[in-house]
Amino acid sequence: MKAIYTAVLWPKDNGTGYFIKVPDVPGCATSGKDLVEAMEMMRDALAGCLCVLEDTGEAVPIPRLPASVASEPGETLALIDVDTLKYRMETDNRAVRKNVSLPAWMATMAEKKGINCSQVLQDSLKKMIS
């Protein structure tokens, strides 16, 4: 899923960075030592929060436009883009065993040619999912 959410950020009291949150996604907040890090941390946190919602079947909040997001004096609004599929591809590389059925002749030919069926399946699925 690709989306763009509005984030609210504000400087830390001690001036050593920023706090940042996405009001549309409850609990989605983080911080960074500078603006660049805060934005990177938020992109990561937002993708993680949305992936959890997707995985648990909960409703993914619809992003609001910046004009409809309230902010206090000293706060700044920023747009954060997120791509949960890309995030999953970059972060969740656990191997999961799946049994597949192939015709006997195909399995024999693949073995003779040294073809790694797991790799072929992964490559094909990546193309189909992306």
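Read along the sequence, the protein follows the pattern β-β-β-α-β-α-α-α, which amounts to four helices and four strands. The model is a predicted one, and its overall dimensions deserve attention before any single residue is discussed. The radius of gyration is 21 Å, well over the 14 Å that the globule rule gives for 130 residues, so the protein is more spread out than a compact globule. The C-alpha trace spans about 70 × 30 × 20 Å along its principal axes. Of the 130 residues, 22% are buried, while the protein exposes about 9,300 Å², with carbon and sulfur atoms supplying 57% of that area. Among the contacts with a separation of 6 or more, 53% are made by residues 24 or more positions apart.

**The nonpolar core**

The largest nonpolar core has 20 residues, and those with the most contacts inside it are Tyr5, Ile20, Val22 and Leu46. The elements that give two or more residues to this core are β1 (2-11), α1 (35-56) and β4 (76-83), and α1 gives the most, with eight residues.

Ile20, one of the residues with the most contacts inside the core, can be followed outward through its own neighbours. Not counting residues up to four places away in sequence, Ile20 touches Ala7, Val8, Leu9, Trp10, Cys28, Ala29, Thr30, Ser31, Ala38, Met39, Met42 and Ile80. One of these partners, Thr30, is found in strand β3 (residues 29-32). Thr30 has a relative accessible area of 19%, and it counts as buried because the limit for that class is under 20%. Beyond residues up to four places away in sequence, Thr30 touches Tyr18, Phe19, Ile20, Ala38, Met41 and Met42.

**Around Met1, Leu50 and Thr84**

A second group of residues links the start of the chain with helices α1 and α2 through the contacts of Met1, Leu50 and Thr84. Met1 lies in the segment before β1. With neighbours within four places in sequence left aside, Met1 is in contact with Leu50, Glu54, Val60, Val82, Asp83, Thr84 and Leu85. For one of these partners, Glu54, the separation from Met1 is 53 residues in sequence and 9.3 Å in space, C-alpha to C-alpha.

Leu50 has its place in helix α1, and under the same exclusion of neighbours within four places in sequence it is in contact with Met1, Tyr5, Val25, Val60, Pro61, Val82 and Thr84. Tyr5, in this list, is also among the residues with the most contacts inside the largest nonpolar core. Leu50 and Arg94, by contrast, are 44 residues apart in sequence and 19 Å apart in space, C-alpha to C-alpha.

Thr84 lies in helix α2 (residues 84-91). Apart from its neighbours within four places in sequence, Thr84 is in contact with Met1, Ala47, Leu50, Cys51 and Glu54.

The accessibility of these three residues, together with that of Thr30 and Arg64, is set out below.

| Residue | Location | Relative accessible area | Class |
|---|---|---|---|
| Met1 | segment before β1 | 35% | partly exposed |
| Thr30 | strand β3 | 19% | buried |
| Leu50 | helix α1 | 0% | buried |
| Arg64 | loop between α1 and β4 | 34% | partly exposed |
| Thr84 | helix α2 | 1% | buried |

**Arg64 in the loop between α1 and β4**

Arg64 has its place in the loop between α1 and β4 and is partly exposed, with a relative accessible area of 34%. Its side chain reaches the backbone oxygen of Ser68 at 3.0 Å. Leaving aside neighbours within four places in sequence, Arg64 is in contact with Thr6, Pro23, Asp24 and Val69. The C-alpha atoms of Arg64 and Ile80, which are 16 residues apart along the chain, are separated by 12 Å, and Ile80 in turn is one of the residues that Ile20 touches.

**Helix α4**

Helix α4 (residues 117-129) has 13 residues and reaches 18 Å from its first C-alpha to its last, which is close to the 18 Å expected at 1.5 Å a residue. The N-terminal end of α4 is capped by Asn116, a side-chain oxygen of which lies 3.0 Å from the backbone nitrogen of Ser118.

Methods: Residues are numbered from 1 along each chain as its sequence is written. This is a predicted model: local features need pLDDT of at least 70, side-chain atom pairs count only at pLDDT 80 or more; totals for chains, interfaces and linings use all residues. Side-chain values use heavy atoms; hydrogens and water are left out. The expected span of a helix is 1.5 Å times one less than its number of residues. A polar contact is a pair of N or O atoms within 3.5 Å; within protein, one must be able to donate a hydrogen and the other to accept it, and residues adjacent in sequence count only if both atoms are side-chain atoms. Buried means under 20% relative accessible area, exposed over 50%, partly exposed in between (1.4 Å probe, protein chains only). Contact means heavy atoms within 4.5 Å. A nonpolar core is a set of buried Ala, Val, Leu, Ile, Met, Phe, Trp, Tyr and Cys residues joined through side-chain atoms within 4.5 Å. The radius of gyration is taken over C-alpha atoms; the globule rule is 2.2 Å times the number of residues to the power 0.38. Accessible areas come from the Shrake-Rupley method with a 1.4 Å probe; for residues, only the protein chains shown count as cover.
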